[in-house]
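Here's a quick briefing to read alongside the model. Have the viewer open, and click through the residues as they come up.

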Amino acid sequence: MSWFESLVLGLVQGLTEFLPVSSSAHLRLTAAFSGWKDPGAAFTAITQIGTETAVLIYFRKDIGRIITSWFRSLFDKTMRRNHDAQMGWLVIVGSIPIGLLGVTLKDQIEGPFRDLRVTATMLVVVGVVIGIADRLAARDETGGRHRAPKQRKTLENLGIRDGLIFGLCQACALIPGVSRSGATISGGLFMGYRREAAARYSFLLAIPAVLASGAFEVKDSLSEGHVAWGPTLFATVIAFASGYAVIAWFMKWISNKSFMPFVWYRVALGVVIIALVSAGVLSPHAAESAG
């Protein structure tokens with residue numbers, strides 16, 4: 001992998017990680033359209049450490065309260081009713097599905113799931129799902145001629161059942177094209193949560209899963225030596241900087257804007273990919289991963 005490739009791929013990772021468009025799909029597609037080797041699942045997992053570091057810094061006050069309250073609740077029973085302490089447990093519970101499926105499906109994630117036809121299909125299908133969830137949320141927020149606006153849930157209403165459902169939605173993002181934020185936020189909208197509440201929990205929920213995945217790939221890469229560390233670390237820094245800017249923008253934008261621009265983009269991109277693969281312009285299978 002060249003330094004220019006790492007610059008471009010780091011920007012792509014940072015700009016798309018927190019938007020409901022699938023960063024793993026865009027990394028795969030950027031390489032395919034540019035004629036580069038597939039950066040691979042290891043590159044994706046390691047550069048995501050950069051974007052999750054941006055989450056840690058952006059939500060540092062929330063995370064500090066949650067961790068402090070959670071530790072105190074281990075020894076102080078009165079703290080177990082504290083919302084921040086409960087959020088600590090809910091992040092742990094919500095991380096279980098992706099942890100189990102990530103280990104179980106590791107070979108599929110690094111192989112068949114990276115087929116461009118799978119990516120394109122997921123872009124379209126999940127795009128439609130996000131669109132439906134967005135319309136339901138908008139209907140509740142605005143009401144109608146014969147219906148008053150409906151109060152949607154906040155994170156104060158989050159319980160174990162909803163936490164697990166959020167976690168299952170996040171696990172779907174193991175397939176390129178799904179989008180971690182798109183799956184979890186749309187899942188939250190279907191369950192009746194406010195847009196910003198679903199987004200905030202989505203970002204918090206991703207932290208243990210992404211950091212664990214990145215650490216796992218770092219361990220494997222150190223022992224097997226199949227990662228170009230210089231370009232990969234450079235891409236991780238670029239992903240951090242661009243990712244932080246996107247979080248700041250997205251959290252302001254999501255409170256009162258529709259997801260429909262992302263929906264139309266996903267569907268259009270998926271259709272174009274299917275057409276190009278069908279015409280033989282793009283190979284559906286990844287080239288040998290870049291090292």
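What follows goes through the empty spaces, then a few helices, then some single residues.

Keep in mind that this is a predicted model. It has one cavity of 30 Å³ or more, and its largest pocket has a volume of about 690 Å³. Helix H10 (195-224) is a good place to begin, since H10 gives the most residues to the lining of the largest cavity and also the largest share of the lining of the largest pocket.

**The cavity**

- The largest cavity holds about 40 Å³ of space.
- To find it, select Glu17, Phe18, Glu52, Arg180, Ser181, Ser202, Phe203 and Ala206, which line it.
- Two elements give two or more residues each to that lining, namely helix H9 (180-190) and helix H10 (195-224).
- H10 contributes three residues here.
- If you care about polarity, the lining splits into three nonpolar, two polar and three charged residues.

**The pocket**

- The largest pocket comes in at about 690 Å³, and 32 residues line it.
- For centring a view, go for Ile98, Gly102, Ile109, Leu174 and Ser213, the lining residues that lie nearest the pocket's centre.
- Helix H2 (23-34), helix H3 (40-58), helix H5 (83-104), helix H6 (106-110) and H10 each put at least two residues into the lining.
- H10 has the largest share of this lining, with seven residues.
- By type, the pocket lining has 15 nonpolar, 11 polar and six charged residues.

**Helix H12: which way does it face?**

- H12 covers residues 260-278, and its 19 residues should span 27 Å at 1.5 Å a residue; the end C-alpha atoms are 27 Å apart, so the two agree.
- Which residues of H12 are buried? They are Phe262, Val263, Arg266, Leu269, Gly270, Ile273 and Val277.
- These buried residues sit on the same side of H12, because they cover an arc of only 140 degrees around the axis.
- Look at the face turned away from that buried side and you'll see the exposed residues Pro261, Trp264 and Ser278.
- The cover over the buried residues of H12 includes H2, helix H7 (116-142) and helix H11 (229-253).
- Just past the end of H12, Gly280 has a positive phi of about 80 degrees.

**Helix H1**

- H1 takes in residues 3-16, 14 residues in all, and its first and last C-alpha atoms are 20 Å apart, close to the 20 Å expected at 1.5 Å a residue.
- Its buried residues are Glu5, Ser6, Leu9, Gly10, Val12, Gln13, Gly14 and Thr16.
- What do the buried residues of H1 pack against? Their partners are H2, H3 and H11.

**Helix H9**

- H9 is mostly covered, with 10 of its 11 residues buried.
- The buried set is Arg180, Ser181, Gly182, Ala183, Thr184, Ile185, Ser186, Gly187, Gly188 and Leu189.
- Arg180 and Ser181 also turn up in the lining of the largest cavity.
- Just after H9, Gly192 takes a positive phi of about 95 degrees.

**Leu211, a residue of H10**

- Leu211 belongs to helix H10.
- Is Leu211 buried or partly exposed? Its relative accessible area is 29%, so it counts as partly exposed.
- Leaving out residues up to four places away in sequence, Leu211 touches Ile49, Glu52 and Leu56.
- One of those contacts, Glu52, is also among the residues lining the largest cavity.
- Leu211 and Ile273 are 62 residues apart in sequence, and their C-alpha atoms are 30 Å apart in space.

**Two serines with positive phi**

- Ser22 has a phi near 80 degrees, a positive value in a residue other than glycine.
- You'll find Ser22 in the loop between H1 and H2, and at 2% relative accessibility it counts as buried.
- Ser179 isn't a glycine either, yet its phi is positive, about 90 degrees.
- Ser179 lies in the loop between helix H8 (160-171) and H9.
- With a relative accessible area of 4%, Ser179 is buried.

Technical notes
Residues are numbered from 1 along each chain as its sequence is written. This is a predicted model: local features need pLDDT of at least 70, side-chain atom pairs count only at pLDDT 80 or more; totals for chains, interfaces and linings use all residues. Side-chain values use heavy atoms; hydrogens and water are left out. On a 1 Å grid over the protein atoms alone, a cavity is a set of points where a 1.4 Å probe fits but cannot get out, and a pocket is an open set with protein on both sides within 12 Å along at least five of seven lines; lining residues have an atom within 4 Å of a point. Grid points are joined across faces, edges and corners, and a volume is the space filled by probe spheres set on the points. Helices (H or I, at least four residues) and strands (E, at least two) are DSSP runs, numbered from the N terminus. Ala, Val, Leu, Ile, Met, Phe, Trp, Tyr, Cys and Pro count as nonpolar, Asp, Glu, Lys and Arg as charged, and the others, Gly among them, as polar. The expected span of a helix is 1.5 Å times one less than its number of residues. Buried means under 20% relative accessible area, exposed over 50%, partly exposed in between (1.4 Å probe, protein chains only). The arc is that of the directions from the helix axis to the C-beta atoms. Contact means heavy atoms within 4.5 Å.
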